[in-house]
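Student: Could you take me through one part of this model close up, and then show me how the rest of the picture builds around it? I know my way around a bench better than around a fold, so please explain the terms as you go.

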Amino acid sequence: MPIKSEVAQLLLHCPDKPGILAEVTDFITVNKGNIVYLDQYVDHAENVFFMRIAWELDGFLIPKEKIEDYFQTLYGRKYQMIFRLYFSDVKPRMAVFVSRMSHCLYDMLARYTAGEWNVEIPLIVSNHPDLEHVARRFDIPFYLFPITKQNKERQEAEEMRLLAENRINFIVLARYMQIVSEKMIEAYPNRIINIHHSFLPAFVGARPYHAAYERGVKIIGATSHYVTTELDAGPIIEQEIVRITHKDTIEDLVNKGKDLEKIVLSRAVQKHIERKVLVYKNKTVIFN
């Protein structure tokens, strides 16, 4: 089997102007890069250009460690670009936060151990001991931080120290039933992924499926988004729905909801791992 060449991935956005696409592709081809992916989008209402491009580094004339500086000097300043450069041989390091519900955790760990995701999961964090046995089953270190109103700030400081020690790039809240502090959100901007049912704001509280059942809803859904300081209002990455009928019981709604939550969260995590999400203001551009 041929060895795959390492790939550089560039995501950018900037004010739309003529020539950007041509200059970026020219930068790669002139330096002997083989482009393997290219997608771009223009938001005409905002006049913003978005782009994701990937190329093989085998034979590329610019040393890997100097690509970002070259690109910033030649095009970043010229076009007022905000860009991120990634390399395929660098696996993102993901921390999973859980509480007591296991469905999202099991789904992600199954995909992880099956080799579907190019990611490392060095640790699982929880405010309850209930899912430690799951972490042991998958041989992933489990860290317990019981949280009360009195110790929340101190415990979260310890969590952040642990994340820094393990060089965590992003966090997934797999039905973690705690509000993340502003300090942690600022440390991981657009790098904390959450999942919740899509009844919000109609059916708030701890028993949304019961409230939805009593209302006789015809669809239920799930939403995965990046966490911001405004609760459950961050940039949306992935959503899905399923139809409901009068024959469905509360238990049916809960089970269908769990299925949606784990699928939607895993899709969102996969897009993040593949570096296909670009955030602008409070919206996302999701590249194919």
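**A close look, starting from one threonine**

Tutor: T29 is found in helix 1 (residues 20–30); helices (H or I, at least four residues) and strands (E, at least two) are DSSP runs, numbered from the N terminus. A word on the ground rules: this is a predicted model, in which local features need pLDDT of at least 70 and side-chain atom pairs count only at pLDDT 80 or more, while totals for chains, interfaces and linings use all residues. Residues are numbered from 1 along each chain as its sequence is written, and side-chain values use heavy atoms, leaving out hydrogens and water.

Back to our threonine. With a relative accessibility of 41%, T29 counts as partly exposed; buried means under 20% relative accessible area, exposed over 50%, and partly exposed in between (1.4 Å probe, protein chains only). Its C-alpha lies 8.9 Å from that of F60, although T29 and F60 are 31 residues apart in sequence.

Now for the surroundings. An unreviewed UniProt entry carries the annotation "domain: ACT" for residues 9–80; such annotations may be inferred rather than shown by experiment, and their positions are given in the numbering used here, with feature names shortened. In the model, the span of residues 9–80 is 33% helix and 36% strand, and its end C-alpha atoms lie 19 Å apart.

Let's turn to strand 1 (residues 7–15). Because 8 of its 9 residues are buried, strand 1 is largely enclosed by the rest of the structure. Strand 1 runs antiparallel to strand 3 (residues 48–56), joined to it by 9 bridges, and pairs in the antiparallel sense with strand 4 (residues 82–87) over 6 bridges. Two strands pair if DSSP finds at least two bridges between them. A8 is a handy residue to click on here: its bridge partner in strand 3 is W55, and A8 also stands opposite F87 in strand 4.

Next come the cores. A nonpolar core is a set of buried Ala, Val, Leu, Ile, Met, Phe, Trp, Tyr and Cys residues joined through side-chain atoms within 4.5 Å. The largest one has 39 residues, and M94, V96, M108, I124, L265 and V269 have the most contacts inside it. Helix 8 (residues 250–273) gives this core its largest share, 7 residues. Apart from that core lies another, of 24 residues, and here we meet A8 again, with L10, F49 and I67 also among its members. In soluble globular proteins, nonpolar side chains tend to be buried together.

For a closer view of the largest core, pick I124. Leaving aside residues up to four places away in sequence, I124 touches V96, V98, L105, L109, A135, I140, P141, F142 and Y143, where contact means heavy atoms within 4.5 Å.

Finally, try helix 5. Its buried residues are Q155, E156, E159, M160, L162 and L163. Seen down the axis of helix 5, these fall within an arc of 160 degrees, so they line one face of the helix; the arc is that of the directions from the helix axis to the C-beta atoms. The face turned away from the buried side carries the exposed residues E153, R154 and A164. Covering the buried residues are, among others, strand 6 (120–126) and helix 6 (182–187). Just after helix 5, R167 takes a positive phi of about 50 degrees.
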